[in-house]
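Open the model in your viewer and keep the selection box at hand. This tour goes stop by stop: what to select, then what to look for there.

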Amino acid sequence: MSSLTLIIILLAFTAFAFHLGKRRSLGVATRAGGVRKLHSLPSYYGTLTALWCGVPALIVLGLWLSFETTIITWLVVAELPPELRGLPEEELGLLLNDIKNLVSGNVVASEVDATMERAAEHYRKLQGISSAALAVVAISLATAGVGNGWRMIRPGLRARNHVERAVMAFLIISSLVAIFTTIGIVLSVLFEAIRFFGHVPFTAFMFGLEWSPQTAIREDQVGSSGAFGAVPLFAGTLLISAIAMTIAAPIGLFAAVYLAEYADARVRAVAKPLLEILAGIPTVVYGFFAALTVAPVIRNAGESMGLSVSSESALAAGFVMGLMLIPFISSLSDDVINAVPQSLREGSYGLGATKSETIRQVILPAALPGIVGGLLLAISRAIGETMIVVMAAGLTARLTANPLDAVSTVTVQIVTLLVGDQEFDSPKTLAAFALGLMLFVVTLFLNVIALHVVRKYREQYD
Amino acid sequence: MSADAGPGAVPAAERAAMESFVPSPATVKPAGAPPRSQDIATETAGDITVDNPRMCARGVDVFYAEKQAIVDVSLDIGQNEVLAMIGPSGCGKSTFLRCLNRMNDIIDVCRVTGRIELDGEDIYDRNVDVVQLRARVGMVFQKPNPFPKSIYDNVAYGPRIHGLASGRAELDDIVQSSLERAGLWSEVKDRLGESGTSLSGGQQQRLCIARAIAVSPEVILMDEPCSALDPIATARIEELIDELRRNYTIAIVTHSMQQAARVSQRTAYFHLGKLIEVGETNQIFTNPRHNLTEDYITGRFG
């Protein structure tokens, strides 16, 4: 029986258990003198029975499936002839892969001999036993759960409390998934970064002024010194983000003020969705726009003024990234401005303030924490943005403050480092993880500040 | 309208102009005429006029989109008097109050017709700048709404936007005297830099009153200023209103009839958007002319 069939059967069983529990509780209630005698509503008894039926069986199913392969493999290895068992770990791994391919009928890399045939047969047999056993165990657990429910349901059973505790456990598990995923990502990046710092000193990475990650494959190769100074990358990231924010912050904010305070309902109904469409454009499309439309315009404009502009420039990438961030900032600020209580506006108008005085002196200061939070979130997006920069700012890691030069950013370098064909433990590939770690630390820091600012300076309006 | 020339008397020319529309048959019926049966409630019982009016409303109708919130209200507010407006919820008393400094302009669907004068000038005239009008007719709201600024800046807000002070020293004086008149100075003089929102509810409301009087208005409108306050804070505000009467004209909307009786000289009773009765506070509460007023103040209704 395949595990998908088993899951469907278990779910059907659970649904059946719900009805059974509900019916049982109604029956019990009639004997005890009406539904009012029950501690909880009948549907809670149904849910509780369904939980007893489904949860243990599904947990066993999950555990079984996650350890099945490991255990079967271990058993197959134990049955192999001793000369094969004695192989080094990697070769044994290759052999096991072949056996598994044989089992599933895929193309096998090496010649198939009798030993492998036997091992594959053994593997198949174990798999059959395992899935049959799983089906038996899971279905009997489910049945036992239903039986338990049938037996336990009494008017005094506090089904609602049990169900609500189960719901809470489910909610806790859901939040733990998110937290553990974050921790897992951080750890995986952290360990690779530590390996990188084994090759390259931390200070050379943090303060080095030259980035050229080409390492020599052969001894006599030229120009592959392998310099891992990340300062040019951070400078490039900072430059592009600064350009983006110079464009996005004022325009986004002004757009938000217009939408929230001046625009009448009809304009708002059209303009807000339009702005939000801008937020829905994939960044790769912004990348086309930057590389094919904005960059040439900037280059031509620069040349007509006698400036030398490279065809891929920080200005082009930053400008388009700024456009991308406008809806982000305007939408967040619009919400914050709308959240300023109407009573403050009336208080200001009541003193004879004009609309613009009210906005400048009352509404914006009151909305400031939220706006600052929105800006910081926008900055972390700008720092993490990759696609536009890859397409429009080039790959040259150059330490420059000139927005007309090509620069490169941390995220772009991560991409180029990992799409190469170097082996995975070379400093070149590991550098990507160190950069990723830095990026993570910086954006985390910004987000923490943003949350802190928003929380600390939020006025207590009721 | 009697012709005695009290300190707040209106110049003769204006008075003549006013008289030319005051006794319009739609608003004030000649005494002794039989009441029209279909709209008996539009007939306001009592005298809507005063000897020395500061603001005069005549035939005011207010619509929110299609719904009429106020029907043909005519009412004077006299110099240095406190006029209380009472009535059940939704009777239009707050709406009428907000017409007096055109706060209803903020609401898109709101339309006001009729004539409202401040010192003889139509405040809905095309030439009137609403910003200047609101500087002359200040407002205190139901819920204390201090700006998220320091106490000092809250009070200095109005003088700053209207350019009332020529220097820091003068502004300091305005802030101090406004806080003193609002009875808040002694409590906050050592912490003027703290946020206005850090004060207690009653202090916040007194701060809002200080903020309103800092621009030296002629009329102060109060929209249930004590409804969010405890009895002690309410008592302080009521004392304050009584003191402010010497310098300002005050119109106050209140849900508390005791409060109306304590602070006001004249009381107006609103019902379903109509002004039912207006008169000396004493007379309204002891000897109401209209049976709706009587029902309301005796607690049989509302």
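**Stop 1: a charged network in chain B**

Select Arg54(B), Asp119(B), Glu121(B), Arg136(B) and Glu218(B). Salt bridges link these residues into a network. Keep in mind that this is a predicted model. Over all chains, the structure holds 26 salt bridges. Side chains of opposite charge can pair when their charged atoms come close.

**Stop 2: a bridge between chains**

Now select Glu346(A) and Arg98(B). Their side chains meet in a salt bridge, with an N to O distance of 3.0 Å. Which elements hold the two partners? Glu346(A) sits in helix 12 of chain A and Arg98(B) in helix 2 (residues 93-99) of chain B, so the pair joins two chains. Are the partners buried or exposed? Glu346(A) has 14% relative accessibility and counts as buried. Arg98(B) is buried too, with a relative accessible area of 10%. The cut-off for buried is under 20%.

**Stop 3: helix 12 of chain A**

Stay with Glu346(A) and extend the selection to helix 12 of chain A, residues 342-350. Of its 9 residues, 7 are buried, so helix 12 of chain A is largely enclosed by the rest of the structure. To see the buried ones, select Leu344(A), Arg345(A), Glu346(A), Gly347(A), Ser348(A), Tyr349(A) and Gly350(A). Then step just past the helix to Gly352(A). Gly352(A) takes a positive phi of about 90 degrees.

**Stop 4: the largest pocket**

Helix 12 of chain A also helps to line the largest pocket. Switch on a surface for this stop. The pocket has a volume of about 530 Å³. There are 21 lining residues, and the closest to the pocket centre are Ala260(A), Glu261(A), Lys355(A), Ile106(B) and Asp108(B). Select those five and centre the view on them.

Which helices each supply at least two residues of this lining? In chain A they are helix 8 (231-262), helix 9 and helix 12; in chain B, helix 3 (130-136). Helix 8 of chain A gives the most, with 4 residues. Colour the lining by class: 10 residues are nonpolar, 3 are polar and 8 are charged.

**Stop 5: Arg134(B)**

Follow helix 3 of chain B to Arg134(B). Arg134(B) is buried, with a relative accessible area of 5%. Add Ala212(B) to the selection. The C-alpha atoms of Arg134(B) and Ala212(B) are separated by 10.0 Å, although the two residues are 78 apart along the chain.

**Stop 6: the largest cavity**

Rolling a probe the size of a water molecule over the atoms shows where empty space is left. The count here comes to 1 cavity of 30 Å³ or more. The largest cavity holds about 40 Å³ of space. Select its lining: Leu259(A), Lys272(A), Leu275(A), Glu276(A), Pro327(A), Ser330(A), Ser331(A) and Asp334(A).

Two elements of chain A, helix 9 (265-280) and helix 11 (314-339), each supply at least two of the lining residues. Which helix gives the most? Helix 11 of chain A does, with 4 residues. By class, the cavity lining has 3 nonpolar, 2 polar and 3 charged residues.

**Stop 7: a nonpolar surface patch**

Go out to the surface of chain A. Select Met168(A), Ile172(A), Leu176(A), Ile179(A), Phe180(A), Ile183(A), Leu187(A), Phe191(A) and Ile194(A). Together these residues form a nonpolar patch with about 840 Å² of accessible area. Click on Ile172(A), which lies in helix 6 (residues 159-199) of chain A. Ile172(A) counts as partly exposed, at 42% relative accessibility.

**Stop 8: two more salt bridges**

Select Asp405(A) and Arg398(A). Their side chains meet in a salt bridge, 3.4 Å from N to O. Asp405(A) counts as buried at 18% relative accessibility, whereas Arg398(A) is partly exposed at 35%.

Finish in chain B with Arg168(B) and Asp172(B). The closest N and O atoms of this salt bridge are 3.6 Å apart. How far apart are the partners in helix 5 (residues 168-181) of chain B, and what does that span? They are 4 residues apart, which means a separation of about one helical turn. Arg168(B) counts as exposed, with 54% relative accessibility. Asp172(B) counts as partly exposed, with 30%.

Note on methods: Residues numbered from 1 in each chain as written. Chains lettered and ligands numbered in written order. Predicted model: local features only at pLDDT ≥ 70, side-chain atom pairs only at ≥ 80, totals over all residues. Heavy atoms only, no water. 1 Å grid on protein atoms, 1.4 Å probe; cavity = no way out; pocket = protein on both sides within 12 Å on 5 of 7 lines; lining within 4 Å. Points joined across faces, edges and corners; volume = space filled by probe spheres on them. Nonpolar A, V, L, I, M, F, W, Y, C, P; charged D, E, K, R; others polar. Patch = residues over 30% accessible without salt bridge, like charges linked within 9 Å, V, L, I, M, F, W, Y side chains within 5 Å. Areas by Shrake-Rupley, 256 points an atom, 1.4 Å probe, with all protein chains shown as cover. Salt bridge = Lys/Arg side-chain N within 4 Å of Asp/Glu carboxyl O. Buried < 20%, exposed > 50% of the residue type's maximum accessible area, 1.4 Å probe, protein only.
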